[in-house]
Each structure stands twice: as C-alpha cells, then as structure tokens.
Amino acid sequence: MSENTQPEQNQPAGEASSPEELEAAQAANEFDALTIAQAEVATLQAKNTELADSFLRAKAEAENARRRAEDEIAKARKFAVESFAESLLPVTDSLEAGLAIKDVTPEQLREGAEATLKQLKSALERNKVIEINPAPASKFDPHQHQAISMVPAEQEANTVVSVLQKGYLIADRVLRPALVTVAAPK
C-alpha cells in the first residue's frame, strides 16, 4: 500500500502526520470497512436463509394444493354418475313393480309404461339430458342432427322431413344426434 502524504482531515492544516499514524489510520479505516462488509454479509446470509425457508414453505403449500386438487378431481370422476344413478332408481323400482304384477291388462301395462317413461324423462331432464326432437320443416342443423337420407318433399330443401330417432344433449353437448330424413333440393 502506498503511503498517503496528505494530512488527515480531522487534523488541523499544517500539522504533519507521521507515516506510522497514517498507516494506523488506514488500517483502522480498512478494519471499519471489513467490519461493515462482514455485517452486510451476515445480514445478507440471514435474508438468504429467510427467503430459502419462505420458498420451501411456498413450494410445500403449492404441492399440497396440487394434491388436494387431484384428490378432488379423482373423487368427482368417481362419483360423477352418483346423482344420475340415484335419479334412475325410482324408474328401476317402477319397472320391477310393474313386472311383479301377474294378471295385468294391456291397458294397465300401457298406463304403467307411460308413467315409467315420464319418470325416466324427468330423471334425464334433472340431470341436464335434453331431447333433440326437431319439428318437421325445421332447418337441418348438422351439429345436432344426422341426416340418414334425402327425400323428395313439398317443403324447403335442407329441412327436416321426419325424425327416425331422437337425439340427446347433455349440458349443451351432443350426446347423440337426432337421426332425421331431410328434404332434397328440387
């Protein structure tokens, strides 16, 4: 290190400092700087440890949340049909009760089948399974209908002539398209 020949600032001007005093002052300044640097390193190490701990906690919380979400999804998939199945149980009960009757007239059989069908349709609607049953002369919708054939008809082209099989939607998604015949262009 080079010796500083300028007088120290805290000494009055004109007084000369000896090289030993200058060296001691410089060593004291270096010691103070080292002490400050060590204190800063210790502070930064403590902050680093604190941040690492916070990171590990956040990572563990995220992992726990992910596991809980996966468990909920698995349960939802497993029990998704539970509500639907519960709504079909009365239909099953009605069919079994109807089959248990030995001497039934055709009128009673028809009446029981109509009541059971009404029960079934109600259960489907409660579970958001909606019929697709287009009216004759309604416009053909390729998203909800499947054309089986085109037939000559007195109505506008590409309109439904007849429904061969009803279709169904489940929560606005086509479960099965309605099978229809469509009016051919003239």
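In the predicted model, L109 is a residue of helix α3. With a relative accessible area of 54%, L109 is exposed, since the threshold for that class is over 50%. L109 also belongs to a nonpolar patch on the surface, which it forms together with I101 and V104. The accessible area of these three residues together is about 260 Å².

The members of this patch recur in the lining of the largest pocket, where I101, V104 and L109 are found alongside S94, L95, G98, L99, Q108, G112, A113 and T116. Two elements, α2 (82–100) and α3 (106–126), each give two or more residues to this lining. Helix α3 provides the largest share, namely five residues. The volume of the pocket is about 220 Å³. Classified by residue type, the lining comprises six nonpolar and five polar residues, and charged residues are absent from it. In general terms, empty space of this kind is revealed by rolling a probe the size of a water molecule over the atoms.

Helix α2 also contains A100. A100 counts as exposed because its relative accessibility, 52%, lies above the limit of 50%. The C-alpha atoms of A100 and T181 are 40 Å apart in space, and the two residues are separated by 81 residues in sequence.

Salt bridges were then examined, and the count for the model comes to seven. Among them is the pair formed by R67 and E63, whose closest N and O atoms are 3.7 Å apart. Both residues lie in helix α1 (residues 19–78), where a spacing of four residues places them about one turn of the helix apart. R67 is partly exposed at 42% relative accessibility, and E63, at 30%, is likewise classed as partly exposed.

A further salt bridge joins the side chains of E70 and R66, with an N to O distance of 2.5 Å. Because E70 and R66 are four residues apart in helix α1, about one helical turn separates them. Relative accessibility is 43% for E70, which counts as partly exposed. R66 counts as partly exposed as well, at 38%.

The salt bridge between K121 and E131 has its closest N and O atoms 3.4 Å apart. This pair links distant parts of the chain, with K121 located in helix α3 and E131 in strand β1 (residues 129–132), 10 residues apart. K121 is partly exposed, at 33% relative accessibility. E131 also falls in the partly exposed class, with a relative accessible area of 29%. Returning to helix α1, E63, R66, R67 and E70 are joined into one network by salt bridges that share partners.

Backbone geometry was considered next. Most residues other than glycine have a negative phi. N158 is not a glycine, yet its phi is positive, at about 60°. N158 is located in the loop between β2 (145–151) and β3 (160–165), and its relative accessible area of 40% makes it partly exposed. D172, likewise not a glycine, has a positive phi of about 65°. The loop that holds D172 runs between β4 (167–170) and β5 (173–176). With a relative accessible area of 77%, D172 is exposed.

Another loop residue, K139, is found between β1 and β2. K139 is exposed, as its relative accessible area is 66% and the class begins over 50%. Although K139 and A183 are 44 residues apart along the chain, their C-alpha atoms are separated by 9.9 Å.

How values were computed:
Residues are numbered from 1 along each chain as its sequence is written. This is a predicted model: local features need pLDDT of at least 70, side-chain atom pairs count only at pLDDT 80 or more; totals for chains, interfaces and linings use all residues. Side-chain values use heavy atoms; hydrogens and water are left out. On a 1 Å grid over the protein atoms alone, a cavity is a set of points where a 1.4 Å probe fits but cannot get out, and a pocket is an open set with protein on both sides within 12 Å along at least five of seven lines; lining residues have an atom within 4 Å of a point. Grid points are joined across faces, edges and corners, and a volume is the space filled by probe spheres set on the points. Ala, Val, Leu, Ile, Met, Phe, Trp, Tyr, Cys and Pro count as nonpolar, Asp, Glu, Lys and Arg as charged, and the others, Gly among them, as polar. Patches are made of residues with over 30% relative accessible area and no salt bridge: like charges are joined within 9 Å, nonpolar side chains (Val, Leu, Ile, Met, Phe, Trp, Tyr) within 5 Å. Accessible areas come from the Shrake-Rupley method with a 1.4 Å probe; for residues, only the protein chains shown count as cover. A salt bridge is a side-chain nitrogen of Lys or Arg within 4 Å of a carboxyl oxygen of Asp or Glu. Buried means under 20% relative accessible area, exposed over 50%, partly exposed in between (1.4 Å probe, protein chains only).
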